[in-house]
Each structure stands twice: as C-alpha cells, then as structure tokens.
Amino acid sequence: MSTRQILVIEDDSRIQELLQYNLMRAGFSVVSAYSAEEALSILNDKPIDIVILDLMLPGMDGLTFCRRLKGQPGTANIPVIMLTARGEDQDIVTGLETGADDYIPKPFSPKVLIARIRAVLRRKSPDKEQDEESYSVGEIAIDRSRREVRVGGKLIQLTRTEFEILDILASRAGRVLSRTEIAELVHGEPFVTTDRAVDVHIASLRKKLGEAGKMVETVRGVGYRIQPHQSNQPPQAEL
C-alpha cells in the first residue's frame, strides 16, 4: 500500500513547516496549500487521502471550502480535519455540521493530531487485511487461531508481542508502518512507547525467523514493512 498523502491547507508558513516536519516524520506524504483556491487546483491533479484544513484563509474561507469539497462526488469521501484557532463550542459544532470528520483547536499537539489522523483514516478506509485464520507470506505461515508461526514448516517460538507484530506486518505486506503505528496496533490506542522498544522486538523477531527475517525491512526514517519476496540486500541498520 502506498504512503498516505495529506493535503495541508494553512496560510501560516510557520505552522505549515511544523505540520510538514511532524507528518513526514510519522510516515505521511505532505502536499501544502496556502489557500483554498490553491487546494482545489491540487485536488484536481493529485490523489489525496485526507485534508488538514484551517478555517481562516485568504480568499475562500475553510467552511466554504469544506462545503464545496463535500458537495462534489469526486471529493465528497475525502476526510477533513479542521485545525483552527476557532475553539468555541459553536465553532466546533458548525465545523462538524459542515462535514468535517474531526475538529482540533489551536494550539495543538502534533502527537494528538497524528493520532486523530490515523483514527479518521481507519474509519474512512480501513485496511483490507487478510481475514483468514491462516495465511502465508513467503516462507512464513501464520495461524491466528493457534497463534503459531512456521517457517519452511518448522514451528517458531515467539512471544505474544512478537507474534502480534509479525501478524500486523504480514497482514499488510508491502505497507510501511511507523513504530508508533505498530505499538498502537499491538497495545491499542493511544499507547506511548519508545522507538527503541519496537526496535528490540523487531530485532528479536528477525533473529527467530532466520533467513526469512530478511523479509522484515527497515525503511529509514519511517518504520518497518514485510516484503513478500526476500531481497538479496540485508536489512538496513537501525536509526
């Protein structure tokens, strides 16, 4: 699955830079627009998975933009999170009634925003994961009902967390997941952990999988993925 692409509509360059830095660090692709009119042009040219929208924009305001976005068949299903200095109850009600999927007043926490983005994306376009109790990716065979993992027919002993991480990555083979996403999917959200804690579990998992562990790839600055076909290159060094 390709990286989710976020359109940030914000006329304050400092906030744009803050959002770009944190969203890209979390593994998203970011497209920036400084006005609603510029955003409409971008939407005609690029596939967008979610919009982060300021309300107080030059020219067309955010509420008008949201109504237009939700009123057109081609863009009606794109989720919108309003991120604005208007934090009164009536402002929030108006924003949600206009069609926003979430509303976050400024000042905001980047971590909270990222968690809200992931939650909205899961609701709007849930992962098309394998529903089978048993499935295979390359040499790795996973039996969810028995919580067993075999490599080339040989049973591999994993801890509960290692099994969960492997199942999460294998059921989304090819998709890159950040360390935070992995932790939240294992433990439930919100869950606070360190990048190093996830790295330790991944290192142990690779070791136990043997040669098949090379399928668990590190994507620098983003997180991890399982590639269905093993690469001749060794996993990248940890950051």
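R147 is located in the loop that runs between β7 (140–143) and β8 (148–151). In this predicted model, the phi angle of R147 is near 55°, a positive value in a residue other than glycine. R147 counts as partly exposed, because its relative accessibility of 41% falls between the limits of 20% and 50%.

A second backbone feature concerns P107, which is found in the loop between β5 (102–105) and α5 (110–124). The peptide bond that leads from K106 to P107 is cis, and its omega is near -5°.

K106 also takes part in a salt bridge. Its partner is E10, and the closest N and O atoms of the two residues are 2.7 Å apart. K106 belongs to the loop between β5 and α5, whereas E10 belongs to the loop between β1 (5–9) and α1 (13–25), so the pair ties together parts that are 96 residues apart in sequence. E10 is buried, with a relative accessible area of 3%. The pair is also part of a wider arrangement: E10, D54 and K106 are linked in a network of salt bridges.

The count for the model comes to 14 salt bridges. Side chains of opposite charge can pair when their charged atoms come close. The table lists some of these pairs, including the one already described.

| Salt bridge | Closest N and O atoms |
|---|---|
| K106 and E10 | 2.7 Å |
| K208 and E162 | 2.8 Å |
| D199 and R179 | 2.7 Å |

The salt bridge between K208 and E162 has a closest N and O distance of 2.8 Å. This pair links distant parts of the chain, with K208 in helix α8 (residues 195–209) and E162 in helix α6, 46 residues apart. K208 is partly exposed, with a relative accessible area of 32%, whereas E162 counts as buried at 4% relative accessibility.

Helix α8 also contributes D199, which forms a salt bridge with R179. D199 lies in helix α8 and R179 in helix α7 (residues 179–187), so this pair ties together parts that are 20 residues apart in sequence. D199 is buried, with a relative accessible area of 4%, and R179 is buried as well, with a value of 8%.

The last residue considered is S171, in the loop between α6 (160–170) and β10 (177–178). The side chain of S171 reaches the backbone oxygen of D167 at 2.8 Å. S171 counts as buried, because its relative accessibility is 8% and the limit for burial is under 20%.

Note on methods:
Residues are numbered from 1 along each chain as its sequence is written. This is a predicted model: local features need pLDDT of at least 70, side-chain atom pairs count only at pLDDT 80 or more; totals for chains, interfaces and linings use all residues. Side-chain values use heavy atoms; hydrogens and water are left out. Helices (H or I, at least four residues) and strands (E, at least two) are DSSP runs, numbered from the N terminus. Buried means under 20% relative accessible area, exposed over 50%, partly exposed in between (1.4 Å probe, protein chains only). A polar contact is a pair of N or O atoms within 3.5 Å; within protein, one must be able to donate a hydrogen and the other to accept it, and residues adjacent in sequence count only if both atoms are side-chain atoms. A salt bridge is a side-chain nitrogen of Lys or Arg within 4 Å of a carboxyl oxygen of Asp or Glu.
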